[in-house]
Amino acid sequence: MLGLLSEILEASDAFWIVRVEDIANEVDGDRYFLRGIAVKKQGIAEIVDQLIEEHDMVVFVRN
Amino acid sequence: MTVVWHQHPAAAASARPPLRNLPFVFAFALLGLLLLGAVGYFYVAGWEHPSASRWYAKAPLPVAQLGARTAWYSDLSALANGFAASEGHQELTEDDFDHALDLVNRRLLIARLADEYDVEVTQDEVNVELVEDDALHEFLAEAKWDLDAYREYVLEPFVLSQRVEEQLMMDRKYQGGALEDIGALQAKLELGIAFEDVAQQYSEDSSAQAKGSLGYVLPSEVDAGLAIRNS
């Protein structure tokens, strides 16, 4: 298990790849020493930016 | 032989003299012209600040449309007032209207996404976000808003955006770019590039500074934090 790479994992706000580097046996259970790489998911602001470019919004007023 | 044509009695009873409809025709034509004139004014003269204080700030004039959803000039005007108040200047500027129009368009899109995900916001959820203090009342006075307007233009869109964002975050349709990026990093690791180096250079978590170190964690903490779900 040590040194193994995870698959792509999904958290609420990011995708992760983690690697188990060490396991410590504690009284309340094993603890894993992890290293991780995260890529943040797109938030609503970025998605709306993209959608505004893609959609034909009809705007009736202008300068 | 003389043929005399008779109108059927029922048809004769239902037939109106044509002139009886004329006042309605004129009224509708006048109404249409007024509406056309008002919309035309916005095209020709623009919607700079003097407009916002006039009677037609409340008129049901459309400013933007997306599918079946329409945003109205009254909303644009109210939001422009809100921007002016938040910037702390009395006079409305074109920038206030530009920002307001941008926000109106974004909210149309978010409302459409909310429809897509069946997301609705209750008044209780909105009221939870309401914090009444002196600063808020000062802002309301400057924006010429009451609390209902504040709920409508600030709190409700804020809560709706949060709910929609939760859905967007879990929707692979909108997360394709992030998935591609993490896939590319996975490929780097498979090529043998050191995990620490990839983490330090590319990870978007604060742990990147520590070469991706997340420390010692319990499996339950990993499950809760990552909500592990293999892709």
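Start by selecting helix H8 of chain B and colouring B:Ala178, B:Ile182 and B:Leu185, which are buried (20 or more other C-beta atoms within 10 Å of the residue's own, with 12 or fewer counting as exposed, values in between as partly exposed, and C-beta atoms placed from the backbone). Look down the helix: these residues sit on the same side of H8(B), because they cover an arc of only 55° around the axis, taken from the directions from the helix axis to the C-beta atoms. Before moving on, a note on the model: it is predicted, with local features needing pLDDT of at least 70, side-chain atom pairs counting only at pLDDT 80 or more, and totals for chains, interfaces and linings using all residues. Residues are numbered from 1 along each chain as its sequence is written, while chains are lettered from A and ligands numbered from 1 in the order in which they are written.

Now turn the helix round. The face away from the buried side carries the exposed residues B:Gly176, B:Glu180, B:Ala184, B:Ala187 and B:Glu190. Follow H8(B) to its end and just beyond, where B:Gly192 takes a positive phi of about 105°.

Which elements cover the buried residues of H8(B)? Show strands S2 (14-26) and S3 of chain A and helix H9 of chain B, which are included in that cover. Helices (H or I, at least four residues) and strands (E, at least two) are DSSP runs, numbered from the N terminus.

Next, widen the selection to the whole contact between the chains, with 55 residues from chain B and 41 residues from chain A (two residues are in contact if their C-beta atoms, placed from the backbone, lie within 7 Å). On the side of chain B that touches chain A, H8(B) gives the most, with eight residues.

Stay at this contact and select S3 (residues 29-40) of chain A with S3(B): four bridges join these antiparallel strands. Here A:Phe33 has B:Tyr216 as its bridge partner.

For the last stop, pick out the open sheet of three strands in the order S4(A)-S1(B)-S2(B), with antiparallel pairing (strands pair if DSSP finds at least two bridges between them). S4 (58-59) of chain A and S2 (69-72) of chain B are the edge strands, each pairing on one side only. Two bridges join S4(A) to S1(B), and A:Val59 has B:Ala64 as its bridge partner in S1(B). Finally, add helix H4 of chain B, which packs on the sheet and touches S1 and S2 of chain B.

Note on methods
Axes fitted to C-alpha atoms, helices over the stretch in contact; angles between N-to-C directions.
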